[in-house]
Amino acid sequence: MKRLVVGAAALVTAGWTASAGAADLSYGQRAPYTVNQPLNGYSWAGPYLGANLGYEWGSVSNTSVKPSGFVGGVQAGYNFQNGPWVFGVEGDIQAAGADDTFAPWKFSNPWFGTLRGRAGYSFSNVLVYGTAGLAFGELRAQTFGWTESHTTAGWTAGVGAEVGFAPNWSAKLEYLYIDLSSSQFAITGVSNDYSASVVRAGVNYHF
């Protein structure tokens, strides 16, 4: 009888130990909760930094001048993602070679920048988006050795597409329309503003 009781106790103890070990193993191997997106889907969420190169063509009001030229610069931004929907903010600064001459006057846009919101829809590693926000930049006039510059702000809007081609890397193609507010130029004697279209390609590194 004593042996039967001892054997039963040993059997119960062994079963309890095995059950506890299995429970610990199950909890220890549980996968962590992740963001709400398809399994193995490309993630656009988080900060990024990149560079771009493109071409700009525009016009100066109250003149026949149409500055154009290459542009290049850097951009940085942050994306939020909810399923296929991507929202974010992006800022950029550009050096521009856009200029044109009419009679004695030469107008140029040496630089500009934007601060924009972005909203788009992703097809895994392909993102299409619209963007709009603030634009700012310089309009410079020159004649007979006299230079006059005005830095003004305005608005910008555009569309683009971005493709993730490697882990942490994406490439984009973007169109922006930029409209800078008018300023009174002593050189021309009238108010002049600047509007331009920009097409640019770029790459981003996602952290």
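Reading along the sequence, you meet the pattern α-β-β-β-β-β-β-β-β in the protein chain. That is one helix and eight strands. Keep in mind that this is a predicted model.

I start with confidence. The average pLDDT of the protein chain is 86, and 81% of the residues score at least 70. Residues 1–35 are another matter: pLDDT stays under 50 there. For that stretch the model has zero contacts beyond four places in sequence. I will leave residues 1–35 aside from here on.

Now the strands. Strand β1, residues 46–60, and strand β2, residues 68–82, run antiparallel and are joined by twelve bridges. One example is Glu56, whose bridge partner in β2 is Gly69. On to β3, residues 85–102: this strand also runs antiparallel to β2, with 13 bridges joining the two. Here Gln75 stands opposite Asp92 in β3.

What sits between β2 and β3 in their hairpin? Two residues, and at Gly83 phi is positive, near 65°.

Next, the aromatic rings. A pair of aromatic rings is described by the distance of the centres and the angle of the planes. The count in this model comes to ten aromatic pairs. I will show two.

The pair of Trp85 and Tyr121 is edge-to-face, with 4.9 Å centre to centre and 85° between the planes. Why does this pair tie together parts that are 36 residues apart in sequence? Because Trp85 lies in strand β3, while Tyr121 lies in strand β4, residues 105–123. Are these two rings buried or exposed? Neither: Trp85 has 45% relative accessibility, so it counts as partly exposed. Tyr121, at 31%, also counts as partly exposed.

The second pair is Phe107 with Phe185, again edge-to-face. Its values are 5.8 Å centre to centre and 70° between the planes. Phe107 lies in β4 and Phe185 in the loop between β7 (169–184) and β8 (191–206), so this pair ties together parts that are 78 residues apart in sequence. Both Phe107 and Phe185 are buried.

Back to Trp85 for a moment. Together with Tyr121 and Phe123, Trp85 forms one aromatic cluster. There is also a charge over a ring to point out: Arg118 lies over the face of Tyr129, at 4.4 Å from the ring centre.

That brings me to the interior. Of the 207 residues of the protein chain, 35% count as buried. Which residues touch the most other members of the largest nonpolar core? In this core of 17 residues they are Val60, Phe107, Phe112, Leu139, Ile178 and Tyr194. The elements giving two or more residues to the core are β3, β4, β5 (126–143), β7 and β8.

Take Ile178 and look at what it touches, leaving out residues up to four places away in sequence. Among them are Phe112, Ala135, Trp155, Tyr194 and Val198. Ile178 also touches Thr156, Ser195 and Ala196.

There is a second, separate core as well, with five residues. Tyr42, Trp44, Val86 and Tyr129 are among them. Tyr129 is the residue whose ring has Arg118 over its face.

One last number, on contacts across the sequence. Take the contacts in the protein chain between residues at least 6 apart in sequence: 61% of these join residues at least 24 apart.

Conventions: Residues numbered from 1 in each chain as written. Predicted model: local features only at pLDDT ≥ 70, side-chain atom pairs only at ≥ 80, totals over all residues. Heavy atoms only, no water. Pairing = 2+ DSSP bridges. Helix = DSSP H or I, 4+ residues; strand = E, 2+ residues; numbered from the N terminus. Phe/Tyr/Trp six-rings, centres within 6.5 Å; stacked < 30°, edge-to-face > 60°. Buried < 20%, exposed > 50% of the residue type's maximum accessible area, 1.4 Å probe, protein only. Lys NZ or Arg CZ within 6 Å of the ring centre and 35° of its normal. Core = buried A, V, L, I, M, F, W, Y, C linked by side-chain atoms within 4.5 Å. Contact = heavy atoms within 4.5 Å. pLDDT = per-residue confidence, 0-100.
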